Amino acid sequence: LWERAGLYGNGAILSTPNDMMIYARAMVRPEETPFPKAIRRAQTRQHGNIAYGWFVTPSESIWHNGMTGGFSSLIKAYVKKDLAVFALSNTEAEIH
């Protein structure tokens, strides 16, 4: 855990696997959440293959990964296939 006075969105948020499953499901089924418009907006390309905090592939899947000291993670949503996956690792190796 990185404990620091600032940049809390950059590694200080703790999530459980259950949290990640809920989030992944919301990304593929935004209409089942209280804020479907916000989720769809977050998935909308803004510049090239980049949406709001997400990367969009040519097949229209969306993904984001990240690392902190000693840990890495990936979440990928295949919106058209109603499928999402996430991976958590206890290494600093990038997950694709």
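In the predicted model, Ile75 is in contact with Met20, Tyr23, Ala24, Trp54, Ile62, Trp63, His64, Val85 and Phe86, when its neighbours within four places in sequence are left aside. Ile75 also belongs to the largest nonpolar core, a set of 13 residues. Within this core, the residues with the most contacts are Met27, Trp54, Ile62, Ile75 and Ala77. Two or more core residues are given by each of the elements α1, α2 and β3. The largest share, amounting to five residues, is contributed by α1.

The strands form an open sheet of four members in the order β1-β2-β3-β4, and their pairing is antiparallel. The edges are occupied by β1 and β4 (83–89); each has a single partner strand, so one side of each is left without a neighbour in the sheet. Helix α1 packs on the sheet and touches β2, β3 (71–78) and β4. The direction of α1 makes about 150° with that of β4.

The pairing of β1 with β2 (residues 62–68) is antiparallel and rests on two bridges. Val56 has Ile62 in β2 as its bridge partner; Ile62 is also among the core residues with the most contacts. These two strands form a hairpin in which five residues lie between them. In the turn of this hairpin, Glu60 has a positive phi of about 70°.

Between β2 and β3, which likewise run antiparallel, there are seven bridges. Met67 stands opposite Ser72, a residue of β3. A hairpin is formed here as well, with two residues between β2 and β3. Its turn includes Gly70, for which phi is positive at about 90°.

Aromatic pairing was examined next. Across the whole structure, a search finds two aromatic pairs. One of them is formed by Tyr23 and Trp54, whose ring centres are 6.0 Å apart; the planes stand at 35°, so the pair is tilted. Distant parts of the chain are linked by this pair, since Tyr23 lies in helix α1 and Trp54 in the loop between α2 and β1 (55–56), 31 residues apart. The two partners differ in exposure: Tyr23 is partly exposed, with a relative accessible area of 40%, whereas Trp54 is buried at 5% relative accessibility. Both Tyr23 and Trp54 are in contact with Ile75.

A further buried position is found between the helices. Thr33 is located in the loop between α1 (17–28) and α2 (36–42). The relative accessible area of Thr33 is 15%, which falls under the 20% limit, so this residue counts as buried. A polar atom of the Thr33 side chain lies 3.2 Å from the backbone nitrogen of Phe35. With neighbours within four places in sequence left aside, Thr33 is in contact with Ala26 and Ile39.

Conventions
Residues numbered from 1 in each chain as written. Predicted model: local features only at pLDDT ≥ 70, side-chain atom pairs only at ≥ 80, totals over all residues. Heavy atoms only, no water. Buried < 20%, exposed > 50% of the residue type's maximum accessible area, 1.4 Å probe, protein only. Polar contact = N/O pair within 3.5 Å; in protein donor to acceptor, adjacent residues only side chain to side chain. Contact = heavy atoms within 4.5 Å. Phe/Tyr/Trp six-rings, centres within 6.5 Å; stacked < 30°, edge-to-face > 60°. Pairing = 2+ DSSP bridges. Axes fitted to C-alpha atoms, helices over the stretch in contact; angles between N-to-C directions. Core = buried A, V, L, I, M, F, W, Y, C linked by side-chain atoms within 4.5 Å.
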